[in-house]
Amino acid sequence: MKQKVAKTDFSEKNLPHNRKEVFFDCVKLYWQKLLLLGLIMLACAVPLLTVSAVCDTVQQGLSRQLEDGVIDKVAYNGQTAWLRFAEALIDIPCYVIVCIGLSGTVRVTRQMIWAEPLFFANDFADGIKQNWLTFCLCGFLVSLLNVYLAFAESSGGGLPAYLPLGVVTIVVLPTALWMMSASSVYNIGIGKNITNSFVLYIKTPFVTWLFVALFASVAIPGLIGFVALRCIFLAVFIVVLLPAFVMLWQLVCYSYFDKFINKQAYPEIVDKGIWRL
């Protein structure tokens, strides 16, 4: 089989000179491994997607019973509230499973970004060993927010019920994103990671919330009424887009790590994986 030969010799000019070029180089060189990461993430998300599909099917059944007059509005509201609360409770371990998959993913994407040797299975396993506690904590906190949201919806408490949730969400979600990225770089305790991540969030609120919104876009297929079609869209999103979103977020974080932390504390990893001209 004839191999394709480059028309010019390889030189430093062909190497990525900024993080934008790093991203596109990684997609070009590792697209198959990124898809594999997406498939692993999809496998980790199967419990969460299954619970969602089952509860949505039950919800649709309750709606049909209401339309047919089998149950009245009061019974419908009560059963819907209990279904939503039960789903939120069952989702707690499901979120943790998803985060365990993410903990391995960020190690693999870090190796890609830093242009270091990549041994997919070993690096994924090392990522879980290194990051599982931080990621599981973040997944657990997010799932608790979901439980409180279900409680607020069922209680009909209005603004007083939703206000604490909003305040906590503004703090927890962005800080958790920084924590997960930092754990792929620094071997520090959870308390120190929380403090550093919150400070970085305060220093970069706009870019942080941009990525919170980007990751939250996974909920958009939830607007699709047909359960099977919704699951297909979610599966495609997770396999194709989620690994790329994770890598984008890490590149942004690594830039700010260099600016606020690495120049003073870890100069050896400043611009790692980048060949500045």
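**Exercise 1. A buried acid and its partner**

Decide whether aspartate 258 counts as buried or exposed, and then find which side chain it meets in a salt bridge.

Solution. In this predicted model, aspartate 258 has a relative accessibility of 6%, and because the limit for a buried residue is under 20%, aspartate 258 counts as buried. The next step is to look for its partner: the side chain of aspartate 258 meets that of arginine 19 in a salt bridge, with a distance of 2.6 Å from N to O. Since aspartate 258 belongs to helix α7 (residues 227-265) and arginine 19 to helix α1 (residues 19-68), the pair ties together parts of the chain that are 239 residues apart in sequence. Arginine 19 is buried too, its relative accessible area being 17%. As a last step, the pair can be placed in its wider setting, for Arg19, Asp258 and Asp271 are linked in a network of salt bridges.

**Exercise 2. Two further salt bridges**

State which helices are tied together by the salt bridge of arginine 107 with aspartate 123, and work out where lysine 272 and glutamate 116 lie.

Solution. Starting with arginine 107, one finds that its closest N and O atoms to aspartate 123 are 3.3 Å apart, and that the two residues form a salt bridge. Arginine 107 is part of helix α2 (residues 73-113), while aspartate 123 is part of helix α3 (residues 120-155), so this pair connects parts that are 16 residues apart in sequence. As to burial, arginine 107 is buried with a relative accessible area of 16%, and aspartate 123 is buried with 4%.

Turning to the other pair, the side chains of lysine 272 and glutamate 116 meet in a salt bridge of 2.5 Å, N to O. Lysine 272 is found in the segment after α7 and glutamate 116 in the loop between α2 and α3, so the parts tied together here are 156 residues apart in sequence. Lysine 272, at 25% relative accessibility, counts as partly exposed, and glutamate 116 is likewise partly exposed, with a relative accessible area of 23%.

**Exercise 3. The cysteines**

Determine how many disulfides the structure holds, and explain why cysteine 136 is not bonded to cysteine 99.

Solution. The structure holds 0 disulfides. For cysteine 136, the closest cysteine sulfur is that of cysteine 99, and because the distance is 6.9 Å, the two are too far apart for a bond; the cut-off that applies is 2.5 Å. Cysteine 136 is buried, with a relative accessible area of 12%. Cysteine 138 is also in no disulfide, the nearest cysteine sulfur, again that of cysteine 99, being 6.7 Å away. At a relative accessibility of 3%, cysteine 138 counts as buried.

**Exercise 4. The chain as a whole**

Describe the secondary structure, extent, packing and surface of the chain.

Solution. The secondary structure comes to 7 helices and 0 strands, which gives the pattern α-α-α-α-α-α-α when read along the sequence. The C-alpha trace spans about 75 × 50 × 30 Å along its principal axes. For the packing, 43% of the 277 residues count as buried, and among the contacts with a separation of 6 or more, 74% join residues that are 24 or more positions apart. For the surface, the chain exposes about 15500 Å², of which carbon and sulfur atoms supply 69%. The final step concerns charge: the chain has 21 positive and 17 negative charges, and their mean positions lie 9 Å apart.

Methods
Residues numbered from 1 in each chain as written. Predicted model: local features only at pLDDT ≥ 70, side-chain atom pairs only at ≥ 80, totals over all residues. Heavy atoms only, no water. Salt bridge = Lys/Arg side-chain N within 4 Å of Asp/Glu carboxyl O. Helix = DSSP H or I, 4+ residues; strand = E, 2+ residues; numbered from the N terminus. Buried < 20%, exposed > 50% of the residue type's maximum accessible area, 1.4 Å probe, protein only. Contact = heavy atoms within 4.5 Å. Areas by Shrake-Rupley, 256 points an atom, 1.4 Å probe, with all protein chains shown as cover. Lys, Arg positive; Asp, Glu negative; His and termini not counted. Charge placed at Lys NZ, Arg CZ, Asp CG, Glu CD.
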